[in-house]
Amino acid sequence: MIIETVPSGIYAANCYIIGCEETKEGAIIDPGGDALGLLFKIKKLQLNIKYIILTHGHLDHIGGVNEIKRKTQAAICIHSLDKDMLMDPELNLSKNMGRHIITQPCDIELKDKDVLNIGNISLEIIHTPGHTPGGICILANDSLFSGDTLFAGSVGRTDFPKGSTQDIISSISEKLFTLEDNVVVYPGHGAWTTIGKEKATNPFFN
């Protein structure tokens, strides 16, 4: 599986370009900004982007959606509980930053245990509310793209509107920490980690 990490936007959110080496079908996760740079990497990798998958609807994860959509015609995918954030600058927090981001509406409303396929790779959707009501993680083989749910040594903020500390702790302990220890976690910000390391050392659970 092809995995390219591209920190993008003013908050350096991790955007991930993933692809099937055999078929060259791909997906882009959380294009928060720098759409031209992302498109250049997609072209270099020779990927046909099938999906734009959003782990949640905050501005730093959706800023490049419109341009990526325009160039690739990929389907915009987000959990049904976060879909309204795409077109509401107040809900996606961009209004507070003076940016007023409004994206195209989603094409696919995701729910827990949905599966999207890119070539020979299955992407399992795991609903992990807490940071936002519709926050998701994406499991692809032994790689987990955790958005702003789980970080190396930390968890996502829950002080934004509709955030819930209880929900994010439950999401991680009941849905993510049941995965194999060797699963590599690619978070929405910062460095990668593993499920095993976070189970053993994350201060929110130890």
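Which residue forms a salt bridge with K69, and how far apart are the closest N and O atoms? The partner is D107, and the closest N and O atoms of the pair are 2.8 Å apart. This is a predicted model, and here is a friendly tour of its sheets, helix packing, cores and charged pairs. Two open sheets of six strands come up below, one in the order 1-2-3-4-5-6 and one in the order 7-8-9-10-13-14.

**The sheet of strands 1 to 6**

- Six strands make up this open sheet, and their pairing is mixed.
- Strand 1 (2-8) and strand 6 (108-110) are the edge strands; each has a single partner, so one side of each has no neighbour in the sheet.
- On average, neighbouring strands here are turned by 25° against each other, direction ignored.
- Strand 5 (residues 75-79) and strand 6 run parallel and are joined by three bridges.
- Within that pairing, I78 has E109 of strand 6 as its bridge partner.

**The sheet of strands 7 to 10, 13 and 14**

- This sheet is open too, again with mixed pairing.
- Its edges are strand 7 (115-118) and strand 14 (193-194), each paired with a single strand, so one side of each is left without a neighbour in the sheet.
- Strand 13 (residues 184-187) runs antiparallel to strand 14, and two bridges join them.
- Opposite V185 stands T193 of strand 14.

**Helix 1 and helix 3**

- Helix 1 (residues 35-45) has A35, L38, L39, I42 and L45 as its buried residues.
- Viewed down the axis of helix 1, these buried residues fall within an arc of 125°, so they line one face of the helix.
- That fits a general point: an α-helix has 3.6 residues a turn, so residues three or four places apart point the same way.
- On the face turned away from the buried side, helix 1 carries the exposed residues L36, F40, K43 and K44.
- What do the buried residues of helix 1 pack against? They pack against strand 1, strand 2 (13-19), strand 3, strand 4 and helix 3.
- Just after helix 1 comes Q46, which has a positive phi, near 60°.
- Helix 3 (residues 65-72) lies across strand 3 (25-29), strand 4 (48-53) and strand 5, and runs at about 150° to strand 4.

**Nonpolar cores**

- The largest nonpolar core has 25 residues, and I17, I28, I52 and L54 have the most contacts inside it.
- Two or more residues come from each of strand 1, strand 2, helix 1, strand 4, helix 2 (59-62), helix 3 and strand 5.
- Helix 1 gives the most to this core, with five residues.
- Leaving aside residues up to four places away in sequence, I52 touches I28, P31, V65, I68, K69, A74, A75, I76 and C77.
- Another core, of 21 residues, lies apart from the largest one; among its members are A27, L110, I121 and I136.
- As general background, nonpolar side chains tend to be buried together in soluble globular proteins.

**Salt bridges**

- How many salt bridges does a search of the whole structure find? The search finds eight, including the three pairs described next.
- K50 and E25 meet through their side chains in a salt bridge (3.9 Å, N to O). K50 lies in strand 4 and E25 in strand 3, so this pair ties together parts that are 25 residues apart in sequence. K50 counts as partly exposed at 33% relative accessibility, and E25 counts as partly exposed at 22%.
- Back to the opening pair, K69 and D107. K69 lies in helix 3 and D107 in the loop between strand 5 and strand 6, so the pair ties together parts that are 38 residues apart in sequence. Is each partner buried or partly exposed? K69 is buried, with a relative accessible area of 9%, whereas D107 is partly exposed, with 44%.
- The side chains of K83 and E109 also meet in a salt bridge (2.9 Å, N to O). K83 lies in the loop between strand 5 and strand 6 and E109 in strand 6, so the pair ties together parts that are 26 residues apart in sequence. K83 is partly exposed at 28% relative accessibility, and E109 is partly exposed at 43%.
- E109 is also the bridge partner of I78 in strand 6, and K69 is also one of the residues that I52 touches.

Terms used. Residues are numbered from 1 along each chain as its sequence is written. This is a predicted model: local features need pLDDT of at least 70, side-chain atom pairs count only at pLDDT 80 or more; totals for chains, interfaces and linings use all residues. Side-chain values use heavy atoms; hydrogens and water are left out. Two strands pair if DSSP finds at least two bridges between them. Helices (H or I, at least four residues) and strands (E, at least two) are DSSP runs, numbered from the N terminus. Axes are lines fitted to C-alpha atoms, for helices over the stretch in contact, and angles run from 0 to 180 degrees between N-to-C directions. Contact means heavy atoms within 4.5 Å. Buried means under 20% relative accessible area, exposed over 50%, partly exposed in between (1.4 Å probe, protein chains only). The arc is that of the directions from the helix axis to the C-beta atoms. A nonpolar core is a set of buried Ala, Val, Leu, Ile, Met, Phe, Trp, Tyr and Cys residues joined through side-chain atoms within 4.5 Å. A salt bridge is a side-chain nitrogen of Lys or Arg within 4 Å of a carboxyl oxygen of Asp or Glu.
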